[in-house]
Amino acid sequence: MRCVSLNCCQMWIRHQTSHTVTCKETQDSQRNVNNFQKIKVLLWKMYILRKRHWIITILEFAVPIFVFWAVVHFKNLVPDDPKIVYDIYLKRYDELVVSGHYKVAYTPSSPLTDTLMEMVSAKLSTSGCSVNLVSRNNETEVVKWLRQQYNNDTTRQGVKNVTLDSSAVHPKGIGVIFLDLQDSKHLRYILRTTSGKLETTDSTRYGEQNGYSMNDYSYSGFITMQTAIDQAYLQAVYKIELTDGPYVGELPSIEYNVVDLVEMLLPTIVSLGFTFVMPSLLKEVVDEKRSGIKEMMKIMGLNAWVNWLNWLVYSFTVYLPVTLVITGLFVVDSGSGAPINASFILVWFLFLLFTLAFLVLVLAMSTFFTNGMVAMIIGEILWYGTTVLLHTFIVSFPDRFSLFINLLTCLCPSIALIWSFNTIRDFQKNGHHWTMSNLFDNRTGGGRVSVGLAAIMMVVDIVLYSLITWYMDSVKPGPYGRAKPPGFIFQCFAKKNKYESKSVDNQSRPHQNYEAPPQNLKVGIKIENLRKTFNQGKVVAVENVDLDIYEGNITALLGHNGAGKTTTMSILAGFFAPTRGKVI
């Protein structure tokens, strides 16, 4: 028998060899706990929680259905034949010629292109413009020349990194790249300008233009140069001279109506539809962690992943029927055409992936908090704010960003769902039914995310947030539980100290309070320099405990109240993390 000094009290540790009950037999019996009983307990827990929070359960089921039903009902009030507007803001070419200094480079140099560009220079000169015209061997040299001219002009005027969109500020740099000169009956060319504000072709297919598009094209010299080249070609090749000048206007577009408003509010609708599961699930998971119930269940033999799976099933049992109802609302024609023209199975699968990714995201967020109310408030702000901001600044302007950036936005599950629905609706605008053959077709090009890529990204979300949940739960278990070091995932590469393989024959304890170790026994649990404090170090519960517990023995801790027996056992069980020292 030996004594360990602890907080001015004494805790006695008594070893007794057992021939009937061993540590190994105890561990084996714990491993053989009936898994069916665990499932029954978890189901009972789910039932009790749902019973206690029956109002929240009803809201989680009813609110998403009501919100999406309201959208569909609102759509049915709008005529299904939107008006297409033509000839918007028509202007004659003579009204769009912007006087100023034009620096023009073209490629390749040939009799036809030389003639055309000389006619363009003469045409602009008669309109009060000055033109510097040069030819280059290829497109690369044209771009290099434009960049050099732009840098020279901005440096000379003391301005750096600005857009050339006003004739009053900078000369207009324009590059002309002629294509397929063998076909004399058709003229194909590319215009490059030093203006960075021009909209691409993809962003104008459905009237997605801003109120300044015409000004951007006009002040950059793009329209002036394009019209001058076209006029020169018609006159040089076909002997046609346009005396009145051509008219220029915006592309035909669908008249703005409430349908556009509904599409614009889609992220808000998705966020509001699932607004009750975020705070309720976050608060319940965090409160369970803070109360210590989670660690108690782990001590009783429940694996951590089983508990996380239980929370996932806890919410998914409500949202599974919700996804079925919402899918029916979206794909069934209830008066003015189905909002989503795709198969029921596909749309339901997208909602299913979104729901799983969303729930796993909520569980991952819960690992960063120890206060349920704070987690609920911050979680709602992050969920709603991230969805609206990403949709407003990125999804609404898909061609401004690369496909990689747009894919990164899919790390927010609601944005991935919106990308997929936008792609399907783009097919509808063209009068096509979306099918599985269009899985990776984004229809309009640019950086838009296809349905297939959006679905893959939601699977990535599920895997990524599951890993984050596992990692954060390991390194930050909360006020209870034993935290692993941040680099624990790399410990598999480190050399392990196997105390169980060492004999205790040669071990010595110089301290007078240590009894001599038994002979020919293996260490099962080794405690080194254990210390545990509470209340920010003001209360010392365990101090400088060193203890070997041997295999095949029963070890008893004896001591007065407050000696540290319960705290030591809680640390051994993993309920508390030690302030200092380690248990191996």
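Biologist: In strand 12, which residue is the bridge partner of Phe534?

Modeller: This is a predicted model: local features need pLDDT of at least 70, side-chain atom pairs count only at pLDDT 80 or more, and totals for chains, interfaces and linings use all residues. Residues are numbered from 1 along each chain as its sequence is written, and side-chain values use heavy atoms, leaving out hydrogens and water. Strands (E, at least two residues) and helices (H or I, at least four) are DSSP runs, numbered from the N terminus. In strand 12, Phe534 is bridged to Val539.

Biologist: How many bridges join strand 11 and strand 12?

Modeller: Two strands pair if DSSP finds at least two bridges between them. Strand 11 covers residues 523–534. Its antiparallel pairing with strand 12 has this many bridges: eight.

Biologist: Which strands stand at the edges of the sheet, and why is one side of each left without a neighbour?

Modeller: The sheet is open, with three strands in the order 12-11-14 and antiparallel pairing. Each edge strand has a single partner strand, so one side of it has no neighbour in the sheet. These edges are strand 12 (539–550) and strand 14 (580–583).

Biologist: What is the average twist from one strand to the next?

Modeller: Angles run from 0 to 180 degrees between N-to-C directions, with axes fitted to C-alpha atoms, for helices over the stretch in contact. From strand to strand, the twist averages 15°.

Biologist: Which helix packs on the sheet?

Modeller: Contact means heavy atoms within 4.5 Å. The helix touches strand 11, strand 12 and strand 14. Its direction makes about 120° with that of strand 11. It spans residues 565–573 and is helix 19.

Biologist: How are helix 5 and helix 8 oriented to each other?

Modeller: Helix 5 (residues 111–126) and helix 8 have axes that come within 9 Å and cross at roughly 120°. Under 35 degrees would be roughly parallel, over 145 roughly antiparallel, 65 to 115 roughly perpendicular, and the rest oblique. That angle therefore makes helix 5 and helix 8 oblique.

Biologist: How many charged residues are in the contact of helix 5 with helix 8?

Modeller: Helix 5 contributes residues including Leu116 and Lys123, and helix 8 residues including Ala228 and Gln235. Asp, Glu, Lys and Arg count as charged; Ala, Val, Leu, Ile, Met, Phe, Trp, Tyr, Cys and Pro as nonpolar; the others, Gly among them, as polar. The contact has 12 nonpolar residues and three polar. The charged count is one.

Biologist: Is Ile223 buried or exposed?

Modeller: Ile223 lies in helix 8 (residues 222–238). Its C-alpha atom is 7.8 Å from that of Val97, 126 residues apart along the chain. Buried means under 20% relative accessible area, exposed over 50%, partly exposed in between, with a 1.4 Å probe and protein chains only. At 6%, Ile223 is therefore buried.

Biologist: Which residues does Thr327 touch, not counting those up to four places away in sequence?

Modeller: Thr327 sits in helix 13 (residues 304–331). At 0% relative accessibility, Thr327 is buried. Its contacts are Phe344, Val347, Trp348 and Phe351.

Biologist: Which residues of helix 15 make the contact with helix 14?

Modeller: Helix 14 (residues 344–366) packs on helix 15 (residues 372–395) at about 140°, with axes 11 Å apart. The two helices are therefore oblique. From helix 14 come Phe354, Phe358, Leu361 and Met365. From helix 15 come Gly379, Leu382 and Trp383.

Biologist: What percentage of the residues of the protein count as buried?

Modeller: The protein has 19 helices and 14 strands. Of its 584 residues, the buried share is 42%.
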